[in-house]
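Hi there,

Here is the structure I promised to pass along. Please open it next to this message and read along.

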Amino acid sequence: MEVPGSSKKMIATQAEMVEARVPLAYRDQCAHLLIPLNKCRQSEFYLPWKCEGERHSYEKCEYELVMERMLQMQKIREQEEAKSKQLQKQGTNAIPLIPKTANA
């Protein structure tokens, strides 16, 4: 399953995420890494040093998603800025927002 606007594909299926009881907020392109991390956490009684490899791979995946979204937002802002500059250039012959008085 592909997610629009993202280069990463969904690997975990909805059925797998439901079975693993992944909360809705965490069902993104990194859910396939969260499932084994949560299983490791439960089996190791949530000791933080036991599941470092799984946690690192999951956090790296989430970081890459955030960076990808930031780059997309930057491109959108640059496009909007270019459009507004183009409209400002075209707007020099447009009707001014503040009308000139008759005596001026």
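Below is what turned up, going from the whole chain to a few residues.

Please keep in mind that this is a predicted model. The protein has 104 residues, and its secondary structure consists of three helices and zero strands. Read from the N terminus, the order of elements is simply α-α-α.

Now for the overall numbers. Of the residues in the protein, 17% are buried. The exposed surface comes to about 8,900 Å², with 57% of that supplied by carbon and sulfur atoms. If you look at contacts with a separation of 6 or more, 40% of them are between residues 24 or more positions apart.

Helix 3, which covers residues 52-90, is a good place to zoom in, and Glu68 belongs to it. Is Glu68 paired in a salt bridge or left without one? Glu68 has no salt bridge, although the residue is buried. The nearest side chain of opposite charge is that of Lys8, and it lies 6.4 Å away. That distance is beyond the 4 Å cut-off for a salt bridge. Leaving aside residues up to four places away in sequence, Glu68 touches Gly5, Ser6 and Ser7.

Met70 is also found in helix 3. On the surface, Met70 joins Tyr63, Val66 and Met67 in a nonpolar patch. Together these residues have about 380 Å² of accessible area.

If you want a starting point on screen, try Glu68 with its contacts Gly5, Ser6 and Ser7, then turn to the patch that includes Met70.

Best wishes

Key: Residues are numbered from 1 along each chain as its sequence is written. This is a predicted model: local features need pLDDT of at least 70, side-chain atom pairs count only at pLDDT 80 or more; totals for chains, interfaces and linings use all residues. Side-chain values use heavy atoms; hydrogens and water are left out. Helices (H or I, at least four residues) and strands (E, at least two) are DSSP runs, numbered from the N terminus. Buried means under 20% relative accessible area, exposed over 50%, partly exposed in between (1.4 Å probe, protein chains only). Lys and Arg count as positive and Asp and Glu as negative; His and the chain ends are not counted. Contact means heavy atoms within 4.5 Å. Patches are made of residues with over 30% relative accessible area and no salt bridge: like charges are joined within 9 Å, nonpolar side chains (Val, Leu, Ile, Met, Phe, Trp, Tyr) within 5 Å. Accessible areas come from the Shrake-Rupley method with a 1.4 Å probe; for residues, only the protein chains shown count as cover.
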